[in-house]
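Student: Please take one part of this model and look at it closely, starting with the backbone. Then carry on from there to whatever else is worth a look.

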Amino acid sequence: MARKITVDPLTRIEGHLRIDVEVERGKIRDAWASAQMWRGIEVILKGRDPKDAWAFTQRICGVCTTVHAITSVRAVENALQMEIPLNAQYVRNIILAAHAMQDHIVHFYQLSALDWVDVVSALKADPRKTASLAQSFSPWPGNSVTRFREIKEKIKALVESGQLGPFANGYWGHPAMKLPPEVNLLAVSHYLEALEYQYKADQVVALFGGKNPHIQTVVVGGVALAINPDNEATLNIERLMWAKELLLKLRDFVHQVYLIDVCAIGALYADWLRYGAGVTNYLAVPDMPLDSKGTRFDLPGGTIFNGDFSTVVPIKSFDDPYFRDNVAECITHSWYDGDWTRHPWEEETVPHYTDFQPNGKYSWSKAPRFKGKPMQVGPLAQVLVGYALGHEATKKWVDYAVDKVSKIAGTKVPLSALHSTPGRHLARAIRASILADLALKHLDLLVKNIGQGDLEIYTPPKFPKGVQKGVGFHEAPRGTLSHWIVIEDGRIKNYQAVVPSTWNVSPRDSAGNRGPYEASLIDNPVADPERPLEVLRTVHSFDPCIACAVHVLNPQKQEIVRVKAL
Ligand code: NFE
Ligand code: MG
């Protein structure tokens with residue numbers, strides 16, 4: 001008999017997510033993903049100045065803190081058919097690459113590693129054996145016997161104090177935890193080191209973005225970051241060199257620690273490579289533009305259907321009709337008024353809450369579709385599309401990672417293993433490895449361009465009378481993000497954000513097709529229904545952000561909670 005499990009709230013994510021699964025004979029038979037809050041930012045934007053939209057949309061999220069700002073200005077620039085100065089492209093590219101690395105590192109270590117790593121088991125590890133194992137994987141200087149001894153003592157002190165701090169409430173000793181104690185100790189050590197390195201990435205974001213989180217230097221038409229190599233108050237040589245130093249350290253951490261740990265954990269959980277594929281239609285957009293128009297990019301984008309590389313179609317520019325014409329959102333199962341599937345420019349956002357109805361409306365998330373199909377977005381989509389298109393850097397890092405996994409697993413792991421729960425983590429680490437190189441490349445491009453005497457940062461936008469429509473897109477840490485704007489007489493008439501986590505948390509559509517989280521849970525094992533660790537593993541592998549997905553406002557505007565700040 002099927003047993004229904006509701007996980008609500010699902011934690012170590014951003015926002016409020018409820019997952020319902022039906023389990024029969026230790027396997028998931030059906031699943032529902034429900035976004036549990038609504039924010040209404042799209043509604044707030046109506047009638048405002050398009051030049052201000054980025055400042056509002058950036059507040060959609062406190063995790064992907066740069067992405068809605070960048071995407072918003074791109075949408076307005078697209079509507080006005082603007083070109084922006086090269087320096088502005090490079091500055092935005094460095095910000096987005098640094099932010100993505102920060103986000104990917106934190107996601108793996110702080111938000112999901114503890115689904116696979118048993119902290120308490122690390123107490124049984126031999127620091128000497130841990131060091132020799134770690135050194136066989138990677139030349140990282142932090143992998144020393146002294147360091148592992150210290151970390152073991154730290155965990156021991158935590159456990160003995162009875163106050164596990166960030167390690168409280170884990171599923172320690174769960175039958176699905178399979179790593180040897182030495183790998184658990186190694187992972188805890190890197191968990192703590194990751195905190196220092198993600199901070200370096202944040203410093204880079206702040207150097208170019210003015211502050212972090214929530215950058216202040218994007219504007220429609222470029223960046224508000226004056227460049228003068230000899231002025232102390234502007235972006236100057238000293239700051240550029242500081243950024244380089246930080247990015248070099250970050251690159252080594254990503255290549256020698258993050259990527260290697262994900263390969264090792266993927267290899268040691270090789271049985272999981274058969275779970276979690278779900279929707280194998282993939283969508284990614286190109287990013288890191290190399291010209292002022294957005295026609296050449298360093299990151300590839302496109303689509304793949306049914307996991308078949310031969311179906312790959314590239315998305316080539318900010319203006320590509322293949323992307324612009326094929327996105328729609330469906331609200332059959334979403335808490336909005338009506339039952340329609342519409343192109344974002346034609347949408348409206350009118351809330352209509354019914355409570356959770358598994359066969360009716362059950363989520364605040366809309367169901368985005370591409371050519372009518374559910375699509376998985378995220379680093380896995382970008383890596384697979386890049387591989388299928390023959391993108392050089394993607395090929396290099398995918399081949400390296402798959403080879404590393406195969407060596408550690410002691411068996412040849414095929415590329416198709418990437419369509420899986422661990423595959424999403426692996427793709428994220430591969431993407432971070434590509435970005436680690438690209439961030440440095442774009443910093444060099446910026447320095448060279450400034451060296452040639454180009455100090456341009458801004459082209460003023462001009463809003464003509466009448467209606468203009470635009471789309472801005474960005475490959476955010478969680479995948480394809482697009483903002484759709486309709487401008488009338490210089491004011492916002494309609495604004496829709498179609499967000500990566502909306503694609504992935506999507507409920508069923510009018511044809512009954514499940515969204516990617518839902519589909520990926522089918523057939524996953526569940527060893528202990530009271531402690532559904534396996535559900536967390538698969539859902540966390542997408543890096544959910546429900547704040548983004550349903551862009552805190554109760555529809556009845558009731559007071560939800562009163563807080564006294566002391
Ligand atoms: Ni709030 Fe976000 C990213 C966006 S959501 S984290 O990345 O857009 O998917
Ligand atoms: Mg939206």
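Tutor: Arg25 sits in the loop between strand 2 and strand 3 (27-35), and keep in mind throughout that this is a predicted model. Its phi is positive, about 45 degrees, even though Arg25 is not a glycine. That stands out because most residues other than glycine have a negative phi. Arg25 counts as exposed because its relative accessibility is 76%, above the 50% cut-off.

Asp489 makes a good companion to look at. Again you have a non-glycine residue with a positive phi, here near 50 degrees, and Asp489 is in the loop between strand 16 (479-488) and strand 17 (491-498). With a relative accessibility of 43%, Asp489 falls between the 20% and 50% cut-offs, so it counts as partly exposed.

Go back to the loop on the other side of strand 2 (17-24), the one that runs there from strand 1, and you find Pro9. The peptide bond between Asp8 and Pro9 is cis, with omega at about 0 degrees. Asn212 and Pro213 are also joined by a cis bond, omega again near 0 degrees, and Pro213 belongs to the loop between helix 7 (181-209) and strand 4 (218-219). These are worth flagging because most peptide bonds are trans.

Strand 1 (3-7) also leads to the largest pocket: strand 1 and helix 15 (533-540) each give at least two residues to its lining. The pocket holds about 400 Å³ of space. Of its 21 lining residues, Thr11, Arg12, Asn169, Gly170 and Leu536 are nearest the centre. By class, the lining splits into 13 nonpolar, four polar and four charged residues.

Now for the metals. The nickel atom of ligand 1 is held by the SG atoms of Cys61, Cys545 and Cys548, at 2.2 to 2.3 Å. Along the chain, the nickel donors are spaced C-x483-C-x2-C. The nickel site has four donor atoms, and it counts as tetrahedral because the angles among them, 105 to 122 degrees, all lie between 85 and 135. Cys545 is buried, since its relative accessible area is 0%, and Cys548 is buried too, at 2%.

The iron atom of ligand 1 is 3.1 Å from the nickel. Iron has Cys64 (SG) as its only protein donor, at 2.4 Å, and Cys64 lies in the loop between helix 2 (53-57) and helix 3 (67-79).

Technical notes: Residues are numbered from 1 along each chain as its sequence is written. Chains are lettered from A and ligands numbered from 1 in the order in which they are written. This is a predicted model: local features need pLDDT of at least 70, side-chain atom pairs count only at pLDDT 80 or more; totals for chains, interfaces and linings use all residues. Side-chain values use heavy atoms; hydrogens and water are left out. Donors are N, O and S atoms within 2.8 Å of the metal (3.2 Å for Na, K and Ca); water is not among the atoms, so sites may look incomplete. Helices (H or I, at least four residues) and strands (E, at least two) are DSSP runs, numbered from the N terminus. On a 1 Å grid over the protein atoms alone, a cavity is a set of points where a 1.4 Å probe fits but cannot get out, and a pocket is an open set with protein on both sides within 12 Å along at least five of seven lines; lining residues have an atom within 4 Å of a point. Grid points are joined across faces, edges and corners, and a volume is the space filled by probe spheres set on the points. Ala, Val, Leu, Ile, Met, Phe, Trp, Tyr, Cys and Pro count as nonpolar, Asp, Glu, Lys and Arg as charged, and the others, Gly among them, as polar. Four donors count as tetrahedral if all angles lie between 85 and 135 degrees; four count as square planar and six as octahedral if opposite donors are over 155 degrees apart and all others between 65 and 115; anything else is irregular. Buried means under 20% relative accessible area, exposed over 50%, partly exposed in between (1.4 Å probe, protein chains only).
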